[in-house]
Amino acid sequence: MTGNTKQFSILDIAQIGIMVAIIEVSKFALSGMPNIELTSFWLIMFTLFFGWKIVAVVPVFILLEGSLYGVHLWWIMYLYAWPLLVAIAHIFRKNTSAFLWGIISGIFGLCFGALCSIPYFFIGLSTDGLSAGFRSAFTWWVAGIPWDFVHCVGNFTIMLVLYHPISKAMKWIQKETL
């Protein structure tokens, strides 16, 4: 947004589009590897280096996912899981430790299944009450725990490997666009 006018500049729109495209292409490229993804990495990095523009990137990404793959239960999960990651990244945005970002990204991967079990609570709740809601969510979450560990290790490793080279590239991009 330029100055106080509250309008997106052409550069803002182009950068938002490129960020969404990078996330989408990365997601597609790794789609054959269960729970190994770059979406968490890119959302963290874009939050750190492009600030407020991430507020436009996340909904565009989520809407694009729904358009490409259909709106199903997983899509509902995206409505709160990805904004939560961006909020966490925003809170810690001044930190430049690849290890800290690896820990944050890994913990997010480990907790992703628990986050995604929330809709199952409401499904169970609507069919047979509170205890059924908890059973439904808990069962769904526990069944996916092995994959949450894969997600955790993948996110941690990706962040450790890519944080510094991508940070360097992002700093260069920021310098060039000023």
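E65 is buried in this predicted model, with a relative accessible area of 0%. The side chain of E65 meets that of K27 in a salt bridge, with an N to O distance of 2.9 Å. The two residues are 38 positions apart, K27 in helix α1 and E65 in helix α3, and the pair thereby links distant parts of the chain. K27 is partly exposed, at a relative accessible area of 22%, a value that lies between the limits of 20% for buried and 50% for exposed residues.

Two salt bridges are found when the whole structure is searched. Besides the pair K27 and E65, a salt bridge is formed by the side chains of D12 and K53, at 3.2 Å from N to O. D12 belongs to helix α1 (residues 10-29) and K53 to the loop between α2 and α3, so this salt bridge ties together parts separated by 41 residues in sequence. D12 has a relative accessibility of 6% and counts as buried. K53 is likewise buried, with a relative accessible area of 10%.

T39 is located in helix α2, which spans residues 39-50. The relative accessibility of T39 is 2%, and the residue therefore counts as buried. When residues up to four places away in sequence are left out, T39 touches I23, K27, F61 and W82. Among these contacts is K27, the residue of helix α1 whose side chain forms the salt bridge with E65.

Technical notes:
Residues numbered from 1 in each chain as written. Predicted model: local features only at pLDDT ≥ 70, side-chain atom pairs only at ≥ 80, totals over all residues. Heavy atoms only, no water. Helix = DSSP H or I, 4+ residues; strand = E, 2+ residues; numbered from the N terminus. Buried < 20%, exposed > 50% of the residue type's maximum accessible area, 1.4 Å probe, protein only. Contact = heavy atoms within 4.5 Å. Salt bridge = Lys/Arg side-chain N within 4 Å of Asp/Glu carboxyl O.
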